[in-house]
Amino acid sequence: MAFDSLTEKLTKVFKNLRGKGKLNENDVKAALKEVKIALLEADVNFKVAKNFIKTVEERAIGQDVMNSLTPGQMVIKIVNEEMTALLGSEKTELTLKPTQEITVIMMCGLQGAGKTTTTAKIAAKFKGTRKPLLVACDVYRPAAIKQLQVNGEKVGVPVFTMGDGHKPPNIAKAAIEHAKNNDYNMIFLDTAGRLQIDEDMMQELVDIKEAVDVTQTLLVVDAMTGQEAVNVATTFDSKIELDGVVLTKLDGDTRGGAALSIRSVTGKPILYAGMGEKLSDLEQFYPDRMANRILGMGDILTLIDKAQSALDAEKAKELEQKFKKAEFDFNDMLAQFEQIGKLGSIKDILGMMPGGLGGKLDDSMVDEKAMDRVKSIIYSMTKAERANPNLLNPSRKHRIAKGSGVDVAEVNKLVKQMEQMKKVMKQMSGMMKGKGKKKFGLPFGL
């Protein structure tokens, strides 16, 4: 998970600061020295780390902090504020033209950064408010056009292509005409990437910008490349003038140096952060939330956003009714697992909780495959068995265990859990109706 090692180190520093009743100048400097080392180990740009520590130190070694009843907390608050500023302070949205005009977004980046997939994901985010169109301008990489078509189909956004026998600037111009004739008001140009920056690549991007009126130019960079991502962004910006950056593979970068350096070095905002493969894993980049996440303070707001966009309100209502009537079955359990799965892995969810819990858990402590085994057991049941767990006699259980590749003990455990859940539901249902008040001693119905 992103920033795991940095979060762990900063949490230790802050724990020591909180443990001191009073702070002196040496305490603050010693703590900030550790913060600086942690930042550099996270592959943060040296100048960025140095300036960050200098700013925090100037603010922290002041009378208001030193004379505070909770000086440790005050220092942490300053670190949080300065880190938010480092990341960009406010979230940045794409600049869009009025809906009656065509907004043109040019996507660029090196090969392997996830540019084509990311382009489709961003386009999908505007389906509710715009009519987006993906444009295949990468005519060099084998299967690049096919990849965009596959991704477009996945997210439900059409793709405009002229094949690989045309020049990208001409494809871009033709796409504009196609958009005008078919009422598309937002197009995304998926341009060609290279293994490294070269003059031909840059000239082609310049030619596209001269051929069509590009509204915004976004660079997609791989967060796992660390300082190289910052260098790539700097070079692209000097050649074609970027409007923003999209960081991908942030979930695979435990250091996070690119995210903390890119805004400060290039002056360009980070608009989105890719935290996984799913469509919902491309998150709007909120500097304050990311700062909280890095400092081990959690990111509840993003978790709520993910829940609201991923979870089905109607299904949740149906499940609530079944809970009340104690009619919950294996079909409902399966539906519930699928809803939870949309939020990401258990480790990801815990990583958004205050305290950086996700980063403290190793793979042996979080059995991500446990839910898959349970789903496999349920899928091995017949429709009748899922709807009526009472049908599950020993011979049926053995068949299900064999079909799902687990021990029959796991099937028995799951059936027992279902029975216990239904018992609890019946008890709760009775309590809510005013029954069992005396037994449980709870003021339900008051």
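This section describes the central sheet, selected helices and two loop residues of a predicted model.

The sheet is open and is built from eight strands in the order β3-β2-β4-β1-β5-β6-β7-β8, with mixed pairing. The edge positions are taken by β3 (159-160) and β8 (282-284), each of which has a single partner strand, so one side of each lacks a neighbour in the sheet. At the β8 edge, strand β7 (residues 270-274) runs antiparallel to β8 and is joined to it by three bridges. Y272 has Q284 of β8 as its bridge partner. Two helices pack on the sheet. Helix α9 (residues 199-211) touches β1 (103-109), β4 (186-190) and β5 (216-222), and its direction makes about 180° with that of β1. Helix α10 (residues 227-240) touches β1 and β5, and the angle between its direction and that of β5 is about 160°.

The UniProt record, an unreviewed entry, lists residues 269-282 under "domain: SRP54-type proteins GTP-binding". Across residues 269-282 the chain is 43% strand and 0% helix, and the C-alpha atoms at the two ends lie 16 Å apart.

Strand β2 (residues 132-136) is largely enclosed by the rest of the structure, because five of its five residues are buried. P132, L134 and A136 point one way from β2, while L133 and V135 point the other way; residues on both faces are buried. Strand β2 pairs with β4 in the parallel sense through five bridges, and the bridge partner of L133 in β4 is I187. The pairing of β2 with β3 is also parallel and comprises two bridges. In this pairing, V135 stands opposite F160 of β3.

Two residues other than glycine have positive phi values in loops that adjoin these strands. A143 lies in the loop between β2 and α7 (144-155), and its phi is near 70°. With a relative accessible area of 54%, A143 is exposed, since the cut-off for this class is over 50%. D183 is located in the loop between α8 (168-181) and β4. Its phi is about 65°, again positive in a residue that is not a glycine. D183 has a relative accessibility of 61% and therefore also counts as exposed.

Helix α1 (residues 4-19) contains 16 residues, which at 1.5 Å a residue should span 22 Å; the C-alpha atoms at its ends are 23 Å apart, in agreement with that expectation. The buried residues in α1 include D4, L6, T7, L10, V13, F14 and L17. In an α-helix there are 3.6 residues a turn, so residues three or four places apart point the same way.

In helix α20 (residues 394-404), the buried residues are K397, I400, A401 and S404. These residues cover an arc of only 100° around the axis, which places them on the same side of α20. S395, H398, K402 and G403 are exposed on the other side of α20. The residue that follows α20 is G405, which has a positive phi near 70°.

Technical notes:
Residues numbered from 1 in each chain as written. Predicted model: local features only at pLDDT ≥ 70, side-chain atom pairs only at ≥ 80, totals over all residues. Heavy atoms only, no water. Helix = DSSP H or I, 4+ residues; strand = E, 2+ residues; numbered from the N terminus. Expected span 1.5 Å × (residues − 1). Buried < 20%, exposed > 50% of the residue type's maximum accessible area, 1.4 Å probe, protein only. Arc of directions from axis to C-beta. UniProt positions renumbered as here; feature names shortened; annotations may be inferred. Pairing = 2+ DSSP bridges. Contact = heavy atoms within 4.5 Å. Axes fitted to C-alpha atoms, helices over the stretch in contact; angles between N-to-C directions.
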